[in-house]
Structure formats: C-alpha cells, structure tokens
Amino acid sequence: MRIAWLTTGRGPGSYGALEYLMEAIGSGLTIEIAVVFVNRERGEAEATDRLIALSERRGIPVEAMSSVRYRKRVGGKIGKPGEPLQPWRTEFDRQVAEALAKYEFDLGVMFGYMLIATEPLFGGFQFINDHPALPDGPIGTYPEVIAELMRTQASDSGCMMNVVTGDVDRGPAVSFCRFPIRDAANEAAWEALSAAGIADVSLEEIVAMPLYADIRSRGVARERPFLVETVRAIAEGRLAVPPKTPLDLTAVTERRVHSTRAV
C-alpha cells in the first residue's frame with residue numbers, strides 16, 4: 001500500500017511519528033510512502049526543514065507549499081475560531097490536491113497537519129487523520145483536548161484515526177486506543193487541580209501545569225505505535241476505510257508502548 005503523508009512538521013512529535021513509521025517500514029511494515037507534503041517551504045521553520053531533510057535522506061519525494069506565504073500572496077485573512085474558513089483556504093487546498101495528484105497512492109495520512117482540510121482536498125482523495133482523543137472525546141488541538149479532559153475530570157483518553165470530512169474531528173472513526181489519564185502515579189496532581197479549579201484558567205496556564213505535561217506524555221507514548229498498527233491493519237486488509245465499526249487497538253498499542261521496536 002502506498003500512502004501520502006501530510007504534516008506541518010512544526011515540532012518533535014511530527015518528526016518522531018514520521019521517523020517511527022519509517023523504522024517500522026524498515027522492519028517489515030508493508031507500505032511505501034509515496035510523497036511527504038508539508039504546508040511550509042524550506043527555510044520557513046527549522047523544525048519543518050529537519051523533517052524535510054529526513055524525508056529526502058530516505059529518498060522520499062517532498063512537496064512543500066507554504067500556506068502562510070500563499071495567504072499573504074493573495075491577500076487572504078487569518079480565520080478566527082468559530083468562523084467559516086476564509087475563501088483562500090479552498091483555493092490553497094485545490095493547489096495541494098494538484099500537487100498530490102502527481103503521485104500514485106492509496107491513502108493519505110494526516111499527522112500533525114495543522115490545517116482544516118476543505119472539499120477540494122478530501123473530495124479527491126481518501127485521508128485519515130490522527131486525533132488525540134477517543135471517538136466521542138473532545139475535538140480541537142492537543143492543548144484544547146487536554147484542557148477539556150482536565151476541566152471535565154476525565155479518567156481516561158485515547159488516540160483516534162478518523163476519515164477526513166467536512167465535519168472536523170468528527171469524520172467516521174477508523175481506529176482508536178484507550179489509556180488511563182488518572183491513576184496512582186498522578187493522583188496528587190489531580191487532587192491539587194480539583195482543589196484549585198480551572199474553570200476560569202486560560203489555556204496558556206493549563207499548558208504550563210505539570211498535570212498537562214503528564215497527560216500529554218501518555219498520549220505521545222501511544223500515538224506512534226497506534227499509528228503504525230492502524231496503517232498495518234489497513235495494508236493487510238483487516239481494516240476498511242471507513243469501517244463498519246472502528247478497530248480497537250488498545251491491546252496491541254500497549255504492547256508496543258513497552259517495546260523498543262517500531263514493528
């Protein structure tokens with residue numbers, strides 16, 4: 001199976017996930033990365049340049065197209081939360097789709113891709129997207145998801161891959177894994193949070209809390225093996241996209257978390 005990998009590549013999480021997938025391929029995962037697309041150009045961000053260099057060292061074609069530079073070039077506005085996407089976003093995705101159409105691939109995988117996809121992109125190809133929550137969990141970015149988990153005193157969370165549609169983070173769930181975010185190891189932090197309350201605390205303040213870091217680390221430890229096991233199941237024909245019911249990969253993900261090999 002050939003995949004297209006879409007990412008913004010803005011940090012170590014995106015780099016690590018792609019590197020982990022490459023290691024799994026080297027260990028026998030039967031997929032090929034047809035192209036890596038990043039919505040930044042070379043020289044725009046050090047972290048993205050590092051990911052581009054990784055791809056090129058492995059002989060993988062890279063398509064780099066800056067969404068920020070495109071917006072500025074066409075005089076587009078920055079969208080605000082809760083508002084419809086700005087018109088330039090649709091045209092940008094049309095150009096991304098044209099770039100991807102040069103490559104033959106069976107499935108697109110979005111990981112750390114910080115743009116909401118529009119119809120010209122998900123209408124022409126099938127994409128799945130990583131999301132740091134259970135299928136019925138919070139939507140939004142990693143910080144937003146964890147903040148909501150903390151505010152609602154959730155006891156567990158998860159990782160999910162879902163089909164990319166116009167319903168952001170709510171497309172059909174393909175797979176998921178579940179893990180605890182409250183146990184003996186962090187109960188003191190939860191109790192301190194309960195005593196202080198976070199109803200009126202800003203997102204920036206929540207991100208600075210030790211409990212946030214603990215929950216984030218639990219998710220990061222699982223998202224890479226979970227991704228590989230999802231792609232493996234699809235490549236081996238055990239998982240359709242979309243499936244009748246999402247595949248629970250909790251058990252195998254937990255085994256991989258405690259393994260040193262990306263297989």
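The side chains of Glu 229 and Arg 232 meet in a salt bridge, with 3.2 Å from N to O. This is a predicted model, and that pair is a good place to enter it. Both residues lie in helix H9, three residues apart, about one turn of the helix. Glu 229 is buried, with a relative accessible area of 5%. Arg 232 also counts as buried, at 14% relative accessibility.

Stay on helix H9 and move to Arg 218. Arg 218 forms a salt bridge with Asp 183, and their closest N and O atoms are 2.8 Å apart. This pair links distant parts of the chain. Arg 218 sits in helix H9, while Asp 183 sits in the loop between E7 and helix H7 (187-196), 35 residues away. The two ends differ in burial: Arg 218 counts as buried at 12% relative accessibility, whereas Asp 183 counts as partly exposed at 29%. Asp 214 joins in as well, for Asp 183, Asp 214 and Arg 218 are linked in a network of salt bridges.

How many salt bridges does a search of the whole structure find? There are 14. One of them joins the side chains of Glu 56 and Arg 42, at 2.5 Å from N to O. It too links distant parts of the chain, 14 residues apart. Glu 56 belongs to helix H2 (residues 46-57), and Arg 42 to the loop between strand E2 (32-38) and H2. Here both partners are partly exposed: Glu 56 has 41% relative accessibility and Arg 42 has 46%.

Now turn to the nonpolar interior. The largest nonpolar core has 56 residues. Trp 5, Ile 33 and Met 150 have the most contacts inside it. Helix H9 (residues 210-235) gives this core its largest share, nine residues. Which residues does Met 150 touch, leaving aside neighbours within four places in sequence? Its contacts are Trp 190, Leu 193, Ile 198, Ile 206, Met 209, Leu 211, Tyr 212 and Ile 215. Apart from the largest core lies another, of 22 residues. Its members include Phe 37, Phe 92, Ala 97 and Val 164.

Strand E7 (residues 173-180) comes next. Is this strand enclosed or open, and why? Six of its eight residues are buried, so E7 is largely enclosed by the rest of the structure. Strand E7 has two strand partners to follow. With strand E6 (residues 156-163), E7 pairs in the antiparallel sense over seven bridges. Asp 156 has Pro 180 as its bridge partner in E7. With strand E8 (residues 247-248), E7 runs parallel, joined by two bridges. Ser 175 has Leu 247 as its bridge partner in E8. In a regular strand the side chains alternate between the two faces of the sheet.

Last come two cysteines. Cys 177 counts as buried, at 0% relative accessibility. Cys 159 counts as buried too, at 3%. Why is there no bond between them? A disulfide needs the two sulfur atoms within 2.5 Å. The sulfur of Cys 159 is 3.9 Å from the closest cysteine sulfur, that of Cys 177, so the gap is too far for a bond. Seen from Cys 177, the closest cysteine sulfur is that of Cys 159, again at 3.9 Å. By this rule the count of disulfides comes to zero.

Key: Residues numbered from 1 in each chain as written. Predicted model: local features only at pLDDT ≥ 70, side-chain atom pairs only at ≥ 80, totals over all residues. Heavy atoms only, no water. Buried < 20%, exposed > 50% of the residue type's maximum accessible area, 1.4 Å probe, protein only. Core = buried A, V, L, I, M, F, W, Y, C linked by side-chain atoms within 4.5 Å. Helix = DSSP H or I, 4+ residues; strand = E, 2+ residues; numbered from the N terminus. Contact = heavy atoms within 4.5 Å. Pairing = 2+ DSSP bridges. Salt bridge = Lys/Arg side-chain N within 4 Å of Asp/Glu carboxyl O.
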